[in-house]
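Biologist: I should like to learn how to read a structural model, feature by feature. Could you guide me through one?

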Amino acid sequence: MDRFADMGRRAFLKAAVGSVMGAGAAQAVPVAPAILEDAIDIGRAVLRTGVVESDAAALRAALGVIDRDIATLFTPRWNARMRRDFATGDTVHVAGWTLSRSEARLCALAASLRQQGLC
Amino acid sequence: MLLDARQLPENETLDADLCIVGGGVAGITLALELIGSPLQVILLESGGMHYDERTQSLADGPVLGFQYDALANSRLRMLGGSSNHWAGHCIPLSPIDFEARPGIPHSGWPITFDDLSTYYDRAQPYFELQTERPYDFDFWAKRIGINPLPFDPDIFTSIPMNESPPTLFGHTYADRLSRAENVTSYLNANVLQLEANETASQVNSAQVACIDGPRFTVRAKRFALCMGGIEIPRLLLLSNGVAAAGLGNSHGLVGRFFGDHAAVRPSMRFLAQRKLRDLDLYSKQHFFETGGVFPAIALSEATMRKEHLPGVLFHLIDSEVSPGEVSLWNLREGMRKGEMPDYLARQVANLFTDLDGVTNSFYREMSGDREPLIDRPWYSPWLTFECTPNPESTVHLVEERDLFGQLRIGLDWRLTELEMRAVKRGTELFIQELGRIGIGRAWTDVLREDYTWPDFVARGKHHCGTTRMSDDPRTGVVDANGRVHGMSNLYISSSSVFPTMGYANPTLTIGAMSIRMADLFRTHAMSGEL
Ligand SMILES: Cc1cc2nc3c(=O)[nH]c(=O)nc-3n(C[C@H](O)[C@H](O)[C@H](O)COP(=O)(O)OP(=O)(O)OC[C@H]3O[C@@H](n4cnc5c(N)ncnc54)[C@H](O)[C@@H]3O)c2cc1C
């Protein structure tokens, strides 16, 4: 069973609130391994729910990212986009949590890359 | 004067200009406003100064529809009425609540907010509330010293709900009532029936009885019913000596359109990034030398109009209860009852993935300590919603009888799809605003497609709509002045006249309407109309 059979508070706190939403430098800084793991867990739950694209290429295209290094993805540069998602109601529901579509895609991308052994 | 009706001789007849039935907030405010007027006033109150089991039993009746508190517990029969157990939250209705709103059938009052606004100002002191800019949110936020949350004003508005101590109207005003020369208040006086003339166009007298005491009659030029939104329709329906359907009921509206404020508590649990001081503005009551403020968050008029939604109000409750703890509780309850809880998969998942929430729960249970071991910024907002006018939601007489042999009243409360839509959309918008502002993320069951009303939907015990106000006798029981259509001298002051009820707790409006009625009666007395 996945460590994250469903979306949990602890992982969510670290991955979504702690790193992505957290105030900090705008430039890309490598993400802490634990947070990446949490994001991957959340991403698996997102992928299972089927609320966003299911393969890495489509997720990259939807997010508009070309970064090869997944660890540099999780930075505060996404904050504005996530807030815009919420403002426009562009959200998804995963195991009772409401996420911005962009953050759901980010986590799904991390999970999908892990699946392929790329991170 | 404040007298015990049990001291009256049997079959006494008393005369007055005005007979007020019911000594709760509405009746006492009306009586106090008329002190010193040329009117001789009699106020009849069913209870005494204190709670009495047998008197209280008169308020009992079956719950026939949607879940509700036992009727005997949902209001009190003693001087001061339900103000003896109210919470004291006060807020005026909003201008939009008075309008006929597209998408909300049967909505709208025959008066506007402006017709009531000066009466709201005059009502504040009765509730021992602040009088300087009481409903100016920015003013109070500044005084408290915390910035309001930057909600999109087109979606949510912060409102400063005022906090009464809460005023117990009986105890607070008994002294003034006893000193009043032109107002005589009788305790333990139960009005059983109103006797009308042969065309049922005027009330001649009220038949009154005491438990273990005399029966007597009160004749008056005018009667004002102030017994709350359940007993008023009951008395009208019981007063069927001339009109078989009861007084004021020629269009079958008495007892229909029952509404209350209901609440989903909580409608979500959200995890804040950190303990945000801004959230303290909303999650606490703030008291001052006079009155207090409990900030809340209301769905904006713009969204209500655009999406045809009923009113929705959020209170931010700082709960420190996480989904994991709720899951644990649900699992235990389910096992205790021998049944699986709803959404089992998620409950189990929450248990595994929210370990510190579960730790808190165990810790609290083992130590008996209310303080959580792991302090985390969870909030559990309560969502209160407006019930829209629904003719199928009723109070009506049933075959049970009280200790006077009078038919009891049953409550068949019904909610509609509109209320469910308000709960879902209100929750969704709130969660989106939390994300947009950057406060945190929320978890809820409310947005599930198969979500249905939970086992416990909180009730305000705000009994509205059962003698609704309208200019047209075919759509309302009373006119814009609170006079019963087709009757020259029968008036009602109560939330029972509210045709639309907004999200606002009703009692401040009840007070304001009693003051307005007192002014009308004074004017009528001066012009000889009474
Ligand atoms: C637990 C609880 C909490 C509440 N909290 C709030 C709040 O925070 N804010 C808010 O705005 N509202 C609140 N309310 C509602 C509030 O208490 C009522 O809106 C208010 O008391 C209504 O005033 P009233 O005078 O119309 O009726 P009541 O206060 O119910 O008074 C009616 C009076 O009529 C008397 N009576 C009844 N029948 C007869 C009869 N046949 N003959 C003679 N007398 C009779 C009764 O004994 C009673 O004294 C709350 C209610 C409850 C139960």
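Modeller: The discussion below takes up a predicted model, beginning with chain A and then turning to selected features of chain B.

Biologist: What does the secondary structure of chain A come to, and in what order do its elements run?

Modeller: One begins with a count and then reads the order. Chain A has five helices and two strands. From the N terminus, the order is α-α-α-α-β-β-α.

Biologist: How many residues does chain A have, and what share of them is buried?

Modeller: Chain A has 119 residues, and 54% of them are buried. Contacts can be read by sequence separation as well: of those in chain A with a separation of 6 or more, 71% are between residues 24 or more positions apart.

Biologist: Let us turn to a single helix. What span does helix H12 of chain B reach, and what span is expected?

Modeller: The expected span rests on a rise of 1.5 Å a residue. H12(B), residues 417-437, has 21 residues and reaches 30 Å from first to last C-alpha, close to the expected 30 Å.

Biologist: Why is H12(B) described as largely enclosed by the rest of the structure?

Modeller: The criterion for a buried residue is a relative accessible area under 20%. Because 15 of its 21 residues are buried, H12(B) is largely enclosed by the rest of the structure.

Biologist: What is found at the two ends of H12(B)?

Modeller: At the N-terminal end, Thr416(B) acts as a cap, with a side-chain oxygen 3.2 Å from the backbone nitrogen of Leu418(B). After the helix comes Gly438(B), with a positive phi near 90°.

Biologist: How should I read the packing of two helices, such as H3 and H13 of chain B?

Modeller: One reads the angle and the distance between the axes. For H3(B), residues 113-123, and H13(B), residues 507-526, the angle is about 105° and the axes are 8 Å apart. The two helices are therefore roughly perpendicular to each other. Among the residues making the contact are Leu116(B) and Tyr119(B) of H3(B), and Ala512(B) and Ile515(B) of H13(B). The contact residues divide into eight nonpolar, two polar and four charged.

Biologist: With which residues distant in sequence is Ser283(B) in contact?

Modeller: Here one leaves aside neighbours within four places in sequence. Ser283(B) then has contacts with Phe294(B), Leu316(B), Asp318(B) and Tyr379(B). The residue lies in helix H7 of chain B, residues 277-283, and is buried at a relative accessible area of 15%.

Biologist: What does the side chain of Arg401(B) reach?

Modeller: It reaches the backbone oxygen of Gly405(B), at 2.8 Å. Arg401(B) belongs to strand E17 of chain B, residues 394-401. Its C-alpha is 9.1 Å from that of Leu58(B), although 343 residues separate the two in sequence.

Biologist: Which peptide bonds should I inspect as cis?

Modeller: Omega is the angle to read. The bond joining Pro165(B) and Pro166(B) is cis, with omega about 10°, and Pro166(B) is in the loop between strand E5 and helix H5 of chain B. The bond from Arg265(B) to Pro266(B) is also cis, with omega near 0°; Pro266(B) is in the loop between strands E10 and E11 of chain B.

Biologist: Lastly, where do His106(B) and Ala200(B) lie?

Modeller: His106(B) is in the loop between strand E4 and H3 of chain B. This residue is not a glycine, yet its phi is positive, about 65°. Ala200(B) is in the loop between strands E7 and E8 of chain B, and its phi is likewise positive, near 55°. His106(B) is partly exposed at 42% relative accessibility, whereas Ala200(B) is buried at 15%.

How values were computed: Residues numbered from 1 in each chain as written. Chains lettered and ligands numbered in written order. Predicted model: local features only at pLDDT ≥ 70, side-chain atom pairs only at ≥ 80, totals over all residues. Heavy atoms only, no water. Helix = DSSP H or I, 4+ residues; strand = E, 2+ residues; numbered from the N terminus. Expected span 1.5 Å × (residues − 1). Buried < 20%, exposed > 50% of the residue type's maximum accessible area, 1.4 Å probe, protein only. Polar contact = N/O pair within 3.5 Å; in protein donor to acceptor, adjacent residues only side chain to side chain. Axes fitted to C-alpha atoms, helices over the stretch in contact; angles between N-to-C directions. Parallel < 35°, antiparallel > 145°, perpendicular 65-115°, else oblique. Contact = heavy atoms within 4.5 Å. Nonpolar A, V, L, I, M, F, W, Y, C, P; charged D, E, K, R; others polar.
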